[in-house]
Amino acid sequence: MGAGHSHHGHDHGHDHGLGHSHAPADFGRAFAIGIALNTVYIIVEAGYGFAIGSMALLADAGHNLSDVLGLIIAWTGATLAKRPPSKRYTFGFRGSSILAALFNAVLLLVAVGLIALEAIQRIVYPAPVAGGTIIVVAAIGIVINGATAMLFARGRKGDINIRGAYLHMAADAAVSAGVVIAGAMILWTGQSWIDPVTSLVIGFVILLSTWGLLTAAIKMSLAAVPEHIDPDAVRGALEELDGVNHVHHLHIWNMSTTETALTAHIVMPDGHPGDAFLARVQASLEARFHIGHSTIQIERGDGSGDCEDC
């Protein structure tokens, strides 16, 4: 059998482990508490923002809303990932987290544009702002965001979803601290322009984080090789295996925001080396590159055949 495209069932090795663990069941409560606390705070913060005409509070509320959506996406992704595959959805619903992240990023970009437009209008037509109220409301945000971050602190090192939730909420606490400083400056100087300028700064922070989310979601949607994986290193690791002549049809992509898959054809002149060899290859891919879902096809030949898709 040459190096072409033979597909005998016994020549395939499949590993269906997970490249990264999902949020354990006990983090469901942390997600629920974090979402509930922050949703109530967003309503309060936005209400006071509208009542006293503070763009800084409204921008911070928008930032908090983005992170609540992030928590919902992470929780939804972890939940959907547990659903079994079907005849139609052979990978289950793992990819839904990618679509949700893409949709979330687009909405956030629209929100940043609206915040910037309103802030510029406030700079041109300034209005008095209650600095004391800004300080009190934003200080509450520091407590709530900090407490929510602590809910995810113990899991941040072992799960990328949990780490993302932790970093988002910790960043929110820092942004709220910035709003407190803006309120203090308004009280000290009496300058109302500080409020809309602060909202522009917050909008810029949201834009930076959203742009990263948008580009990552687009790359995942296009089945690009994940940023943390060097495809040449993967190919080299496979070609260094004893008896391997050539590697082609190598594909690496994100199945979800937390899982990575790989398919590859390995050309071995001496034929199929056995299931133990495939198990070692798959275990190595998991350990070295965090690729938890790999499918390896063994082809017999010298690797000299044509391969138009390589």
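**Close-up views of a predicted model**

**View 1. Overall fold of the protein chain.** The protein chain contains 8 helices and 4 strands. The model shown is predicted. Read from the N terminus, the elements of the protein chain follow the order β-α-α-α-α-α-α-α-β-β-α-β. The protein chain has 310 residues, and 43% of them count as buried. Contacts between residues at least 6 apart in sequence are made up to 76% of pairs at least 24 apart. The accessible surface of the protein chain is about 15300 Å², and carbon and sulfur atoms account for 66% of this area.

**View 2. The largest nonpolar core.** This core holds 24 residues. L57, I134, V179, I186 and I202 are the residues with the most contacts inside it. Six helices each supply at least two residues of the core: α1 (27–52), α2 (55–80), α3 (96–124), α4 (131–151), α5 (160–189) and α6 (194–221). The helix that gives the most is α2, with 6 residues.

**View 3. Surroundings of I202.** I202 is one of the residues with the most contacts inside the largest nonpolar core. Leaving out residues up to four places away in sequence, I202 touches A56, A59, D60, H63, V175 and V179. V179 is also listed among the residues with the most contacts inside this core.

**View 4. Another nonpolar core.** Apart from the largest core lies another core, made of 20 residues. Its members include V234, I266, F277 and F289.

**View 5. The β2–β3 hairpin.** Strand β2 spans residues 246–254 and strand β3 spans residues 260–267. The two strands pair in the antiparallel sense, over 7 bridges. W253 has A261, in β3, as its bridge partner. The connection from β2 to β3 is a hairpin of 5 residues.

**View 6. Confidence along the chain and the N-terminal stretches.** The protein chain has a mean pLDDT of 78, with 85% of its residues at 70 or more. Over residues 1–11 the pLDDT stays under 50, and the model gives this stretch 35 contacts beyond four places in sequence. Residues 15–25 also have a pLDDT below 50, with 36 contacts in the model beyond near neighbours in sequence. Where pLDDT is low, predicted coordinates should not be read in detail.

Conventions:
Residues numbered from 1 in each chain as written. Predicted model: local features only at pLDDT ≥ 70, side-chain atom pairs only at ≥ 80, totals over all residues. Heavy atoms only, no water. Core = buried A, V, L, I, M, F, W, Y, C linked by side-chain atoms within 4.5 Å. Buried < 20%, exposed > 50% of the residue type's maximum accessible area, 1.4 Å probe, protein only. Contact = heavy atoms within 4.5 Å. Pairing = 2+ DSSP bridges. pLDDT = per-residue confidence, 0-100. Areas by Shrake-Rupley, 256 points an atom, 1.4 Å probe, with all protein chains shown as cover.
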